[in-house]
Amino acid sequence: MKLGYARVSTIGQDLETQIERLEAAGVQKDQLFIEKVTGTKMAAREQIQALLKHARSGDHIYVTKIDRLARSILDLNKIVSGLMEKGISITFIDHNMTFKANSKDDPFQMLLFNTLGSFAQFERDMIVSRTGEGRKRAMKNGKKMGRKGQPEQNIKQALKLLEAREEKGMTISDISKLTGVPRSTIYAEYKKQRSTT
């Protein structure tokens, strides 16, 4: 039986193209396993887990690219080796690569398998590296990274209410809801204020 797996990790990525390619390879719609989730954590990828449980000896899995199935060479080796041990073949359509269940002893196939996995890992590492460099450059140019801080006016209002909370009968949660300032920020700012006075 032909089975297909498609995955996107962001809203902007094209899932339809992957589905079209899998259907063109002969995978029926009801044999597609599709998910929209980041590839870094295997446990969070319910559809790949379902596919691996569903696949039986003699089945053939189709994936458009290596990085849709795995995000590291260790992950790739673990998945594909497990499939081949169960008698399941896998094809990466864009790489025009097929790893047949009965050819694990083929040294050329295993060399190619490890080489492709290494390139997939290298590509991912390069993206991570470029992203990190971009963040450093942005911070050097004065751009603040991370969540936007609370407006100063809201924090002042929250601290004022905190000091008068007993007479007004308010809790920290009430103040947080009223001002929109998180409780942790209220506590941190109050502590900071007390240490300077």
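In this predicted model, the buried residues of helix H8 pack against three helices, namely H6 (152-163), H7 (165-168) and H9 (183-196). Helix H8 belongs to a protein whose secondary structure amounts to nine helices and five strands, and of its 197 residues 36% count as buried. The points below begin with H8 and then turn to the overall fold, the nonpolar cores and the surface.

**Helix H8 and its surroundings**

- Helix H8 spans residues 172-179, and within this stretch Ile172, Ile175, Ser176 and Thr179 are buried. These four residues lie on the same side of H8 because the arc they cover around the axis is only 100 degrees.
- Lys177 and Leu178 are exposed, and they are carried on the face of H8 that is turned away from its buried side.
- Gly180, which comes just after H8, takes a positive phi of about 85 degrees.

**Overall fold**

- When the protein is read along the sequence, its helices and strands follow the pattern β-α-β-α-β-α-α-β-β-α-α-α-α-α.
- Among the contacts between residues at least 6 apart in sequence, 57% join residues that are at least 24 apart.

**Nonpolar cores**

- The largest nonpolar core holds 23 residues, of which Ile61, Leu69, Val80, Ile90 and Phe92 touch the most other members.
- At least two residues of this core are supplied by each of strand S1 (2-8), helix H2 (46-54), strand S3 (60-63), helix H3 (66-69), helix H4 (73-85), strand S4 (89-92) and strand S5 (97-99). Helix H4 gives the most to this core, contributing five residues.
- Leaving aside residues up to four places away in sequence, Ile61 touches Leu3, Leu51, Ala55, Leu83, Ile88, Ser89, Ile90 and Thr91.
- A second core, separate from the largest one, consists of ten residues, including Ala158, Leu161, Leu162 and Met170.

**Surface**

- The protein exposes about 13,000 Å², and carbon and sulfur atoms supply 52% of this area.
- Phe119, Phe122 and Met126 make a nonpolar surface patch of about 330 Å², and one of these residues, Phe122, has its place in helix H5, which runs over residues 107-140.

Key:
Residues are numbered from 1 along each chain as its sequence is written. This is a predicted model: local features need pLDDT of at least 70, side-chain atom pairs count only at pLDDT 80 or more; totals for chains, interfaces and linings use all residues. Side-chain values use heavy atoms; hydrogens and water are left out. Buried means under 20% relative accessible area, exposed over 50%, partly exposed in between (1.4 Å probe, protein chains only). The arc is that of the directions from the helix axis to the C-beta atoms. Contact means heavy atoms within 4.5 Å. Patches are made of residues with over 30% relative accessible area and no salt bridge: like charges are joined within 9 Å, nonpolar side chains (Val, Leu, Ile, Met, Phe, Trp, Tyr) within 5 Å. Accessible areas come from the Shrake-Rupley method with a 1.4 Å probe; for residues, only the protein chains shown count as cover. A salt bridge is a side-chain nitrogen of Lys or Arg within 4 Å of a carboxyl oxygen of Asp or Glu. A nonpolar core is a set of buried Ala, Val, Leu, Ile, Met, Phe, Trp, Tyr and Cys residues joined through side-chain atoms within 4.5 Å.
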